[in-house]
Amino acid sequence: MPGRHFLQIPGPTNVPDRVLRAMDRPVPDHRGAELPALVSEVTAGLKQVFQTASGEIALFPASGTGGWEASLVNTLNPGERVLAFNLGQFSHLYAECARGLGAVVDEVDVPWGSGVPADVVHERLRSDRGHAYAAVLVVHNETSTGVTSNVRAVREAIDAAGHPALLLVDTVSSLASIDFRFDEWKVDVALAGTQKGLMLPPGMAVVCVGPRALARGEDVRSPRYFFDWRPVLAEMQRGYFPYTPATLMLYGLREAVRMLAEEGLPNVFARHGRLAEGVRRAVRAWGLSIVCRNPQEYSNTLTAVMMPDGIDADGVLRMAAQRLDLSLGTGLGRLQSRAFRIGHLGALNELEVLATVAGVEMALTMAGVRIPLGAGVTACQKFFLEEQLVPVSQPPGQGRIT
Ligand SMILES: Cc1ncc(COP(=O)(O)O)c(C=O)c1O
């Protein structure tokens, strides 16, 4: 089909031309002289994205799942207890990953469509007088439901309980799109992949390790090798890796962090908020409901849309793909066939969102959902016209990676 494929799943996202061009080069010698400067700029840029001065960056040729494993094998002894929440497919799988690695997982069931209940974190930890919990696992943005949890509140709950558990946060579908503050929220480990807000192809896990987690990593006795972050952190200090790195991805990542610094993180977050609200207005104009229950927890990177009874969400996806060359996200886990997801993150602008909304309207109609054709596009257009985007101007010296 001529024209470009509309990849509006909640990751992988569209890779901007600048990033593609940065990767379009001969493969360098990964032990050569050009690596240290590249690694140093990538690391500095990622620290800015995580909003950390205290965290260290470890990169693995992997995906978000590898990030999960790295966060767990370096912080938990086999048989240790962790607190996790089942509020969507990815929070459940993070818990499963911990279980698979030998942890004892208390997986608290939360209605899908809600975020991590900070009061439950507080309760559980306060009653854990022996400090059996070694870590609390949180998915910042649950990609299956489109819910963003309040990580700051979780941190406050842990502190209020006076509990030493580490706070491990999956930022796979929030990093570089939704405000995430590693230092301010005293997160101990955060992990992401390259294929969402970082605007790269899939292929790398990005892990940010705080001082307490670093110390813990020296002590734990879990079997680990590839995902042992100690050799990775040590080698990256020198500008190299203990494995053969995904060198071309590193060039792309350098370009991506430059782009994020140029736009300025506050503007990146505001853009995502604005595009997301445009999509939500469209969904309401169709008379359909959003899976996320609490507007305070609306995700700015994706919207999961519930289907009316009797409509198979996968039918909508099929129409979108076959007729319009538009990829939307399928319903996952408990939401399979009942909901579909619109991704609105990464390198994206208003016109692309409007085209996506127009495509969703057509796909819904073709799949037999009775919606007022054009209503979503109009609602989205009106919002974009009425709500002026006021960019945050960058203080002098910012916009560069320091
Ligand atoms: C929140 C979240 N965590 C973890 C993962 C797993 O990451 P990956 O598929 O890159 O292994 C995903 C994938 O979409 C995700 O959205």
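In the predicted model, Arg341 is located in strand S13, which spans residues 339-343. This arginine is listed by UniProt, in an unreviewed entry, under "binding site". Arg341 counts as buried because 27 C-beta neighbours lie inside 10 Å, the threshold for burial being 20 or more. When residues up to four places away in sequence are not counted, Arg341 touches Pro10, Gly146, Leu302, Thr303, Ala304, Leu328 and Gly329.

The ligand is enclosed by a shell of residues comprising Gly11, Ser63, Gly64, Thr65, Phe90, Val139, Thr143, Asp170, Val172, Ser173 and Gly193. By class, this shell consists of seven polar, three nonpolar and one charged residue.

The unreviewed UniProt entry also lists residues 9-317 as "domain: Aminotransferase class V". Across residues 9-317, helix accounts for 41% of the chain and strand for 16%. The C-alpha atoms at the two ends of this segment are 11 Å apart.

The largest nonpolar core contains 129 residues, of which Val82, Val136 and Leu137 touch the most other members. This core lies between domain 1 (6-12 + 265-386) and domain 2 (17-262), because both domains give residues to it. In soluble globular proteins, nonpolar side chains tend to be buried together. With neighbours within four places in sequence left aside, the contacts of Val136 are Leu83, Val121, Val154, Ile158, Ala165, Leu167 and Leu168.

Note on methods. Residues numbered from 1 in each chain as written. Predicted model: local features only at pLDDT ≥ 70, side-chain atom pairs only at ≥ 80, totals over all residues. Near = placed C-beta within 6 Å. Nonpolar A, V, L, I, M, F, W, Y, C, P; charged D, E, K, R; others polar. UniProt positions renumbered as here; feature names shortened; annotations may be inferred. Helix = DSSP H or I, 4+ residues; strand = E, 2+ residues; numbered from the N terminus. Buried ≥ 20, exposed ≤ 12 C-beta atoms within 10 Å, placed from the backbone. Contact = placed C-beta atoms within 7 Å. Core = buried A, V, L, I, M, F, W, Y, C linked by C-beta atoms within 7 Å. Domains from an automatic or database assignment.
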